[in-house]
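Got the viewer open? Let's take a walk through this one, selection by selection.

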Amino acid sequence: MLSKVLNYGQPSLKGTLQIPGDKSVSHRSIMFGAIAKGTTTVEGFLQSDDCLATIDCFSKLGIDISVDGENVKIISEGINAWNEPKEILYTGNSGTTTRLMLGILAGSNVSSVLIGDDSIQKRPMKRVTEPLKQMGANFIGRENAQYTPIAVEGTKLQSMNYKMPVASAQVKSAILLAALQAEGETVVTEVETSRDHTEKMLQHFGAEITVEDKTIRLTGGQELTGTHVVVPGDISSAAFFLVAGAIVPNSTLTLKNVGLNPTRTGIIEVLEKMGANIKTEFDSYKSHEEMGTLMVESSSLKSTEIGGEIIPKLIDEIPIIALLATQAHGTTIIKDAEELKVKETNRIDAVVNELKKLGANIISTEDGMIIEGPTPLQGAEIKTYGDHRIGMMAAIASLITSSPVTIDNAECISVSYPNFFEQLNSVIDKV
Ligand code: S3P
């Protein structure tokens with residue numbers, strides 16, 4: 001593990017960044033390309049550790065995938081032509097790969113075994129294996145297939161009517177991907193609307209799907225056809241620079257190519273509510289996804305309350321929002337976010353412990369955190385817990401600390417944002 005000293009000396013930030021590809025959409029572009037018949041070409045693919053784990057799994061299933069920077073070509077004869085993998089499918093640190101693969105493999109005609117890294121082995125899989133078992137899926141795994149490694153014996157699945165107990169796009173997507181291979185119409189009802197990239201991509205690959213408020217209907221047996229996918233930039237990656245632009249004095253940043261799917265834009269709503277100088281320009285609609293440019297400037301911020309239906313729209317942004325709240329006037333309350341406990345690490349504990357070391361006035365609650373601001377921050381030795389978003393939160397914090405910040409594991413950032421430090425260095429104003 002590579003520790004890294006972050007000593008930027010209280011700079012200002014100026015410039016324009018081209019935000020790299022969306023992680024959720026990149027995973028799905030490979031999965032859908034492998035399920036579909038024909039050739040799929042992907043533009044703007046995120047070459048991060050998580051997305052490369054997805055490619056590796058499908059290569060082991062015999063799919064012809066070639067990667068040339070941000071361009072990927074997938075040639076498949078469809079899900080029924082996959083090879084039975086001779087090796088274990090390794091999903092690395094990626095919850096999306098693990099959970100969506102369980103849904104896809106359940107209704108395939110191959111047998112396979114999935115395993116992930118130490119963090120994945122602790123993350124709950126029951127939320128997908130239990131509903132998938134109701135559709136007829138065969139899983140064998142630790143504690144009744146609650147945790148990986150999990151063996152999957154592909155079989156013919158039945159449709160079902162499922163009311164989701166948690167707001168999770170991974171659970172919803174695993175069920176929808178299984179439903180595509182199942183007999184009959186599957187109906188999934190969400191508790192709160194979570195990111196809808198799977199629904200959008202199903203349409204993009206030619207499937208018929210109906211979405212009415214929180215209810216989604218999909219009839220099995222539909223064949224997908226290979227197509228071209230444009231991946232928008234990841235708003236969850238842009239979020240680090242949105243917050244940096246708002247909290248670092250004398251800064252102006254322009255972020256281009258950002259995905260603006262309304263199920264993902266909670267961070268923009270929060271920044272606006274907190275009084276940030278932020279502007280959004282929608283400029284295109286490609287592969288069923290909105291894209292645009294975001295501009296942010298240093299801002300005087302006020303506290304806010306975040307909870308309820310906005311939580312799934314910013315679930316991955318909560319670590320960086322917590323840092324933002326340390327610089328806002330008043331008490332920020334984040335609630336209804338207990339899902340943070342089952343992310344790459346327990347993000348309630350990780351955020352609270354590490355921001356406290358930097359001098360923040362923050363406490364954890366059962367379902368979130370309370371932050372009192374503004375507080376000046378100081379340097380410290382920060383533990384990332386191997387979690388990319390904790391690493392990037394600390395790196396952005398270091399731009400306003402009175403002394404250097406050290407992070408224990410800088411490599412983990414490549415899970416979602418391999419060129420994060422390169423982009424950060426490019427906007428540090430040297431004058
Ligand atoms: C994701 C869904 C979210 C998110 C994760 C990516 C996806 O997880 O936190 O980073 O691509 O579907 P949950 O479904 O567990 O909320």
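Here is a tour that goes from the domains to their interface and then to a few side chains. Keep in mind that you are looking at a predicted model.

**Stop 1: the two domains.** Colour residues 4-21 and 232-426 as domain 1, then give 23-230 another colour as domain 2. Their centres, taken over C-alpha atoms, sit 28 Å apart. On the contact itself, domain 1 puts in 26 residues and domain 2 puts in 29.

**Stop 2: the interface.** About 2500 Å² is buried between the two domains, with 50% of that on carbon and sulfur atoms. Select Ser287, His288 and Val415 in domain 1: these lose the most area to domain 2, together 21% of what that side buries. Switch on polar contacts and you should find 15 residue pairs across the interface. The domain 1 face breaks down into seven nonpolar, nine polar and 10 charged residues. Three salt bridges run between the domains.

**Stop 3: a charged network.** Show Asp316 and Arg195, a salt bridge with its closest N and O atoms 3.3 Å apart. Next, pick Arg347 and Asp387, whose salt bridge closes to 2.8 Å. Arg347 is in helix H12 (residues 347-357), while Asp387 is in the loop between strand E22 and helix H13, 40 residues apart. Are these two buried or exposed? Both Arg347 and Asp387 are buried. Now add Arg123, Glu344 and Arg389 to the selection: along with Arg195, Asp316, Arg347 and Asp387, they form one network through shared salt-bridge partners.

**Stop 4: two more salt bridges.** The whole structure has 20 of them, so there's plenty to browse. Try Arg264 and Asp234, at 2.9 Å from N to O. Arg264 sits in the loop between strand E15 and helix H10, and Asp234 in the loop between strand E14 and helix H9, 30 residues apart. Both Arg264 and Asp234 are buried. For another setting, go to helix H5 (residues 126-134), where Glu130 and Lys126 are four residues apart, about one turn. Their closest N and O atoms are 3.9 Å apart. Glu130 counts as partly exposed at 40% relative accessibility, and Lys126 does too, at 37%.

**Stop 5: Thr96.** Finish in helix H3 (residues 95-106), where you'll find Thr96. With a relative accessible area of 6%, Thr96 is buried, because the cut-off for that is under 20%. What does its side chain meet in a 2.9 Å polar contact? The partner is the side chain of Gln170. Beyond neighbours within four places in sequence, Thr96 also touches His27, Arg28, Met31 and Met101.

Definitions and conventions:
Residues are numbered from 1 along each chain as its sequence is written. This is a predicted model: local features need pLDDT of at least 70, side-chain atom pairs count only at pLDDT 80 or more; totals for chains, interfaces and linings use all residues. Side-chain values use heavy atoms; hydrogens and water are left out. Domain bounds come from an automatic or database domain assignment. Contact means heavy atoms within 4.5 Å. Buried area is the accessible area (1.4 Å probe) that two parts lose on being put together, summed over both. A salt bridge is a side-chain nitrogen of Lys or Arg within 4 Å of a carboxyl oxygen of Asp or Glu. A polar contact is a pair of N or O atoms within 3.5 Å; within protein, one must be able to donate a hydrogen and the other to accept it, and residues adjacent in sequence count only if both atoms are side-chain atoms. Ala, Val, Leu, Ile, Met, Phe, Trp, Tyr, Cys and Pro count as nonpolar, Asp, Glu, Lys and Arg as charged, and the others, Gly among them, as polar. Helices (H or I, at least four residues) and strands (E, at least two) are DSSP runs, numbered from the N terminus. Buried means under 20% relative accessible area, exposed over 50%, partly exposed in between (1.4 Å probe, protein chains only).
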